[in-house]
Amino acid sequence: MQSQMNYYAFNRDQWRQFHTHDFASVTTDELEQLRSLNDEVSMDDVVTIYSPLRHLIHIRYRDYQAATANQSEFLGIANKVRPFIIGIAGSVAVGKSTTARLLQLLLSRAYPDKKVQQITTDGFLYPNAELERRGILDKKGFPESYDMPKLIDFLDAVKNANGVVKAPRYSHQVYDVLAGEYDEIDHPDILIVEGINVLQLPTGQSIYASDYFDFSIYVDANPELIEHWYLERFGLLLDTAFTDPTNYYYPYATGDRDQAFALAKDVWRTINLKNLEEYILPTRERADVILHKIKHHQIDRVYLRKF
Ligand SMILES: Nc1ncnc2c1ncn2[C@@H]1O[C@H](COP(=O)(O)OP(=O)(O)OP(=O)(O)O)[C@@H](O)[C@H]1O
Ligand SMILES: CC(C)(CO)[C@@H](O)C(=O)NCCC(=O)O
């Protein structure tokens with residue numbers, strides 16, 4: 001594939017060879033913890049795919065720390081811990097947040113004395129009321145639906161490590177940004193930033209979110225499969241909305257299920273698939289690593305950027 005000419009491509013058997021020689025493999029104890037995180041995640045993937053990936057991140061993190069120290073020495077200033085930031089991109093419902101949580105857990109275990117935090121860029125969407133005011137409520141997730149300058153300011157503050165930085169929260173259940181609710185990003189050593197827009201280069205900006213990333217991952221899959229995962233998750237959201245009239249999905253959960261699914265399919269096709277094709281997929285070849293998934297979220301190929 002021409003578009004992936006600057007990548008090494010590995011199948012599972014090839015990639016698993018890059019497990020560690022000088023760095024801890026995933027332990028049985030870790031596997032137990034990961035299972036409780038999401039009991040659907042394949043433990044074989046954790047060992048075959050995520051363990052070598054953690055090793056690769058370890059190497060990049062080590063290089064980053066050395067480069068930061070060298071630059072401070074060059075400038076003759078005290079070396080400051082600036083977080084190593086990992087970006088995770090990909091379609092709606094492809095599994096970015098699950099990948100982010102997996103990595104957060106694996107990296108926390110690898111570095112018991114370091115702080116690893118995680119956020120999603122969903123919190124940087126404009127609130128529904130503002131989307132409505134701008135006439136783009138049906139464009140949620142498209143580049144214009146995010147307050148990108150706010151995201152850049154956030155990343156800049158985190159990198160400068162000047163204090164506790166607040167990340168606004170989004171809820172799928174409320175289907176909106178939660179006014180006044182934040183995650184506190186408090187001097188992490190590693191920050192994982194997950195979102196559909198993290199590798200995008202919006203026009204009219206001189207600084208991009210990806211300028212702040214030290215490592216990036218794109219989670220990739222056939223759009224038909226992603227649609228299936230989107231609808232599966234929609235089903236889960238309906239199942240948990242039944243008892244809560246304040247839940248965005250309550251009317252769908254208590255109404256006709258077939259109609260609800262027909263609507264979700266339409267939302268997938270007219271909003272999320274369009275967004276994937278026009279704005280998300282074109283960012284794939286900017287990632288350091290592409291994880292390609294097949295059925296049941298199994299990762300069949302890993303691409304590693306050569307240069
Ligand atoms: N590795 C995996 N194994 C099994 N199931 C998974 C895996 N990754 C994700 N899933 C499931 O796929 C669905 C989508 O995953 P997730 O919510 O992580 O996607 P996302 O890319 O973060 O979506 P969004 O951008 O909409 O927040 C969820 O139902 C999740 O449980
Ligand atoms: C919040 C986003 C944009 C990304 O996670 C997505 O989950 C979403 O809500 N998209 C809008 C269309 C829909 O309701 O699926």
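A residue counts as near a molecule if its C-beta atom, placed from the backbone, lies within 6 Å of it. Keep that cut-off in mind as you look through these close-ups of a predicted model.

**View 1. The residues around ligand 1.**
Here we meet the shell of 17 residues around ligand 1. Those that come nearest are Gly95, Lys96, Ser97, Thr98 and His297. Two helices, H4 (96-110) and H7 (223-239), each supply at least two residues of this shell. Which helix gives the most to the shell around ligand 1? That is H7, with 4 residues. Sorted by class, the shell around ligand 1 holds 7 nonpolar, 6 polar and 4 charged residues.

**View 2. The residues around ligand 2.**
Now turn to ligand 2, which has Val92, Asp122, Lys140, Gly141, Ile196, Val267, Ile271 and Asn272 around it. If you sort this shell by class, you find 4 nonpolar, 2 polar and 2 charged residues.

**View 3. Helix H2 packed with helix H4.**
Two packed helices are described by the angle between their axes and the distance between the axes. For H2 (residues 28-37) and H4, the angle is about 155° and the axes are 11 Å apart. Angles over 145 degrees count as roughly antiparallel, so H2 and H4 are roughly antiparallel to each other. The crossing of H2 with H4 is right-handed. Which residues of H2 meet H4? They are Glu30, Gln33, Leu34 and Leu37, and on the H4 side you will find Arg101, Leu102, Leu105, Leu106 and Arg109. Together, the residues of this contact comprise 5 nonpolar, 1 polar and 3 charged.

**View 4. The open sheet.**
Follow the 7 strands of this open sheet in the order E1-E9-E8-E7-E2-E6-E3, and notice that their pairing is mixed. Strands E1 (7-11) and E3 (116-120) stand at the edges with a single partner strand each, so one side of each has no neighbour in the sheet. On average, neighbouring strands of this sheet are turned by 20° against each other, ignoring direction.

**View 5. Strand E1 beside strand E9.**
Zooming in on one pair of strands, we see E1 and E9 (residues 299-305) running antiparallel, joined by 5 bridges. What is the bridge partner of alanine 9 in E9? Look for tyrosine 303.

**View 6. Helix H3 across the strands.**
Finally, helix H3 (residues 43-75) lies across four strands: E2 (84-90), E7 (215-221), E8 (289-293) and E9. H3 runs at about 15° to E9.

Technical notes:
Residues numbered from 1 in each chain as written. Chains lettered and ligands numbered in written order. Predicted model: local features only at pLDDT ≥ 70, side-chain atom pairs only at ≥ 80, totals over all residues. Nonpolar A, V, L, I, M, F, W, Y, C, P; charged D, E, K, R; others polar. Axes fitted to C-alpha atoms, helices over the stretch in contact; angles between N-to-C directions. Parallel < 35°, antiparallel > 145°, perpendicular 65-115°, else oblique. Left-handed = near helix turned anticlockwise from the far one by under 90°. Contact = placed C-beta atoms within 7 Å. Pairing = 2+ DSSP bridges.
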